[in-house]
Amino acid sequence: MRDIWVRRFTCLLAGGVLGVTTPEGLEILIFFILFLLGIRLGFWRPRDFFGQLRKPEALILAVGFGAGVLYGFTGHFELEKPLMLNRVQVSGVLQDWNKSADSSTGVFQLKEIDTGTQEISSLDSNLSLKGKVYNLRVYPDRSGNFSENWSRALPGDELKFEARLEHPKPPGTMGQFDLPLYYAVRGQAGNLTALGEAELITLGQPPYSWRIREQVRQLLERWPAEKTAVLMGILFGDSGQIPQEELERYKMTGVLHVFSASGSNVAFVLIIFWGVLRFLPLPLRIFLTSIVLVFYAILCGGNPPIVRATLMGICALLGRLGRGKVNSLRNLLLVGVMLFLWQPLILRDTGFQLSFLATWGILVLAPYISRQKLFGRMPHVLRFALTTTLAAQIATIPVMILAFHRLSVVGLLANLAVLAVLGSVFELGLIGVILSFSPPLAEPLFQTCLWLLDGVNALLYVFARIPWADVWVLNPGKLFWIVWYGGLIAFLAGKERSVFVLKVGLRSLKYRMRVICSGSVNSKGSTEKVRQYISAALVKVRSAFPSTGIFVSKNQANVLRFLGIIIFFILFWSPWNIRKEVSVSFIDVGQGDSILVEYPKHHTVLIDTGPKSERFDAGERIILPYLLEKRIKHLDALILTHPHEDHVGGALAVLNNVPVDWVGVPDDGKNWGDIRQANAGLFSKDGSRPSSVESSIADPLAVKLSQIKINSLHAGDQIVLDPDLKIEVLGPGEVLTNTHSDPNNNSIVLKLEYGGQSVLLSADMETEEMREIVQSGQDWRSDYFKEPHHGSRFSLNMDYLDSISPKAVFVSVGRNSFGHPSPQVLQYWEERHIPIYRTDERGTIELRLDNRGGASLQVGR
């Protein structure tokens with residue numbers, strides 16, 4: 001990095017990354033370490049280890065790094081504390097508004113709030129909520145219609161209505177999407193869900209950018225909504241209305257970035273208007289093009305990638321006012337610094353990271369790739385398209401894996417095949433937006449765009465059907481990041497320079513090791529002073545023990561030191577001193593159950609897979625990322641305790657992506673692999689005929705189960721993973737009928753024993769199954785107890801529960817309308833002074849049992 005500003009910006013951003021990623025509570029430790037390093041730098045002499053870097057510049061870089069760390073610490077204050085207010089009166093200004101058939105969404109700035117009798121425990125006063133911005137969602141009534149005022153609402157209007165206000169909690173499970181971070185980066189505090197009619201206080205004037213988007217949306221109403229939603233997503237980055245199947249296709253083929261309205265869109269806008277305005281003087285041309293870029297960013301909602309790309313474009317334009325030569329890398333880093341100063345948490349935002357790294361790849365990596373022999377004979381257009389696409393993907397692969405745990409194998413080919421067409425769609429669509437005031441001129445352009453999108457969709461459909469087109473990827477660990485980006489740096493530095501640096505580093509290490517062992521350094525060196533001090537101490541010891549004969553030669557002493565180190569590791573790190581642990585993780589899947597049992601010898605059992613709905617699949621959103629984050633690529637068994645949607649909803653996503661040896665189901669007299677029984681209500685919530693959502697679970701799951709080994713589990717069975725780990729099946733015994741809920745009362749109840757301790761995993765058993773287990777004479781006493789049925793009152797039988805005295809009780813529960821967990825259940829355990837751990841409050845809860853009878857708890861992981 002010959003450009004000093006590139007070095008300085010890099011150090012500042014590197015410090016910022018360290019600051020924003022430092023866990024809360026460790027800031028003082030990091031500050032203390034930086035303070036000590038700063039003192040050391042004050043006494044630094046140039047010949048020590050900085051080579052040709054001069055001390056003043058080193059001090060500037062160090063101060064920049066430290067400032068970045070300290071400013072990054074402030075990012076923690078931008079995150080809102082979790083909060084839930086079920087019914088409040090709010091008033092404020094509607095800033096954005098998008099209408100659709102199933103729901104309408106917008107952005108709402110709060111001016112006044114009346115919480116009634118509800119207390120805001122996490123905030124000092126109601127005034128703290130004033131001025132905050134929320135994501136607003138309004139649902140139609142049971143007849144599918146919106147109330148009159150909501151139908152007439154426009155951005156700029158001041159409204160008053162009842163709502164449910166929520167600040168989302170931090171991710172409670174590894175690999176889960178960080179919603180508080182997402183909102184904080186976008187300047188929002190959380191969600192508002194309207195609970196009735198809105199009262200119009202003052203009419204407002206919608207911003208011009210919104211009126212343009214609305215005008216385009218109305219023009220597109222003559223075409224099918226699923227097609228126009230994709231076009232709107234490409235033009236404005238609005239993917240909220242795109243059908244899930246369509247989004248999944250773009251995701252599988254690695255082309256989802258076209259909906260982010262980022263660098264490529266800004267580049268197209270810049271090229272179009274720079275060409276159109278070429279007859280103007282250079283300063284005026286730069287000014288007007290910059291104004292157009294800013295307006296387009298506002299038109300797209302001002303998301304971080306579009307802001308980054310817009311600032312980058314403006315910096316590139318302003319660079320032409322000088323000598324006409326622009327250091328693009330410096331501009332990219334400058335934009336990163338500007339956005340970091342505006343919002344420090346943006347360095348943790350996945351969208352910003354992908355956009356920043358993709359641009360870095362195109363600016364820095366692509367020119368080096370294009371000079372390789374493989375691309376030398378290609379036509380310029382093909383070489384440019386291939387190298388820029390390849391460079392962007394290489395630069396972003398680690399972040400893609402870390403954020404999504406998915407990798408599109410066909411992404412490079414799909415991007416090359418469709419990006420040129422999608423670029424044409426954007427250009428024609430943008431011209432249509434400009435001409436939207438005249439429907440006869442704009443509509444043919446939009447029609448052409450939709451025809452082109454039909455061809456793109458057909459091509460992506462072919463790519464998506466290629467085997468292994470999209471794969472789930474295990475978390476590769478921090479070493480992968482070091483090797484990947486270290487390899488890129490070595491590639492950019494060149495073979496000769498990289499080999500030279502490596503040789504110098506190895507020789508320097510060898511020299512230092514020789515100095516440490518022999519002390520052969522000049523008298524001014526600190527190593528020699530330490531050696532002299534140790535020698536003087538040894539002389540005193542010899543004089544105190546003249547006849548012990550314990551002193552040996554230097555070579556013998558080195559051998560003894562080496563043997564001493566070996567003995568130390570044998571005594572303190574030997575296999576027989578390592579504690580073997582069994583981990584039982586109650587995964588936070590919302591209103592449902594999912595429990596992961598891990599044994600040290602890579603044995604894993606997953607019990608239930610959480611819920612699934614039209615917009616949420618716990619298997620895909622939570623369980624798979626959690627397994628991949630923990631580097632679990634195989635399950636010994638998947639146990640589905642009973643056929644209710646909140647326990648089997650995510651099973652298909654797990655079975656489709658993770659190898660499973662066998663599936664355990666309750667011996668309840670039903671054939672889980674029979675599609676006819678599935679359609680008859682096997683996987684429904686209450687045993688009745690499944691709804692549309694439940695049918696979408698039932699048929700594919702039944703087909704999948706018919707292809708896998710299924711074991712029906714009955715009371716008295718045992719699951720043997722290892723001789724030290726015992727998993728006993730306590731229920732179901734006799735098939736129970738005519739109970740409050742037959743599926744619940746025929747659930748698989750398991751008792752896990754390890755290291756002299758036990759855990760009872762009770763699924764959704766209710767009083768009837770509880771009675772059947774007790775009366776069968778089985779020992780169901782346990783040290784740890786999973787509360788049945790999410791804390792339902794139908795599972796509260798004090799006569800039976802009084803016979804067990806667990807050390808802790810776990811409740812797997814999420815937001816629900818059933819009243820779970822029941823206040824009576826909570827009161828019962830509280831009166832017995834037994835601690836209760838809930839997934840809705842603490843996130844994923846991991847219970848660890850070791851082979852010496854010890855236990856520990858970790859939450860939020």
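Does Thr105 count as buried or exposed, and at what relative accessibility? This tour of a predicted model begins at that residue.

**Stop 1: Thr105**

Select Thr105, which belongs to strand S2, residues 104–114. Thr105 counts as buried because its relative accessibility is 16%, and the cut-off for buried is under 20%. Next, display the residues around Thr105. Once neighbours within four places in sequence are set aside, the contacts of Thr105 are Asp96, Trp97, Asn98, Leu136 and Arg137.

**Stop 2: helix H10**

Move to residues 282–299, which make up helix H10. A distance between the two end C-alpha atoms of H10 gives 26 Å. That value agrees with expectation, because 18 residues at 1.5 Å a residue should span 26 Å. Colour the buried positions of H10: Arg285, Ile286, Thr289, Ser290, Leu293, Tyr296, Ala297 and Leu299. Then select Gly301, which follows H10 and has a positive phi, near 95 degrees.

**Stop 3: Val456 in helix H17**

Select residues 439–464 to show helix H17, and pick out Val456 within this helix. Val456 has a relative accessibility of 3% and therefore counts as buried. Apart from residues up to four places away in sequence, Val456 touches Tyr250, Val418, Val421 and Leu422. Add Ala414 to the selection as well. Val456 and Ala414 are separated by 42 residues in sequence, and their C-alpha atoms lie 9.7 Å apart in space.

**Stop 4: strands S15, S16 and S17**

Continue to strand S15, residues 718–722, and strand S16, residues 725–731. S15 and S16 make a hairpin, with two residues between them. The two strands run antiparallel and are joined by four bridges. Within this pairing, the residue opposite Gln718 is Glu728 of S16.

Now add strand S17, residues 749–754, which runs antiparallel to S16 and is joined to it by five bridges. Here Ile727 has Leu752 in S17 as its bridge partner. How many of the seven residues of S16 are buried? Six of them are, and S16 is thus described as mostly covered.

**Stop 5: the eight-stranded sheet**

Select the strands S14, S13, S12, S11, S10, S9, S22 and S23, and follow them in that order across an open sheet with mixed pairing. At the edges are strand S14, residues 710–713, and strand S23, residues 855–859, each of which pairs on one side only. From one strand to the next, the twist averages 20 degrees.

Finish at the S23 edge of this sheet. Strand S22, residues 845–850, pairs with S23 in the antiparallel sense over five bridges. To locate one of these pairings, select Arg848 together with Ser856, its bridge partner in S23.

**Stop 6: the whole protein**

Return to the full view, which contains 31 helices and 23 strands. How many residues does the protein have, and what percentage of them count as buried? The protein has 861 residues, of which 46% count as buried. Switch to a surface display: the exposed area is about 44000 Å², and carbon and sulfur atoms supply 60% of it. Finally, consider the contacts between residues at least 6 apart in sequence; 69% of these join residues at least 24 apart.

Notes
Residues numbered from 1 in each chain as written. Predicted model: local features only at pLDDT ≥ 70, side-chain atom pairs only at ≥ 80, totals over all residues. Heavy atoms only, no water. Pairing = 2+ DSSP bridges. Axes fitted to C-alpha atoms, helices over the stretch in contact; angles between N-to-C directions. Expected span 1.5 Å × (residues − 1). Buried < 20%, exposed > 50% of the residue type's maximum accessible area, 1.4 Å probe, protein only. Contact = heavy atoms within 4.5 Å. Areas by Shrake-Rupley, 256 points an atom, 1.4 Å probe, with all protein chains shown as cover.
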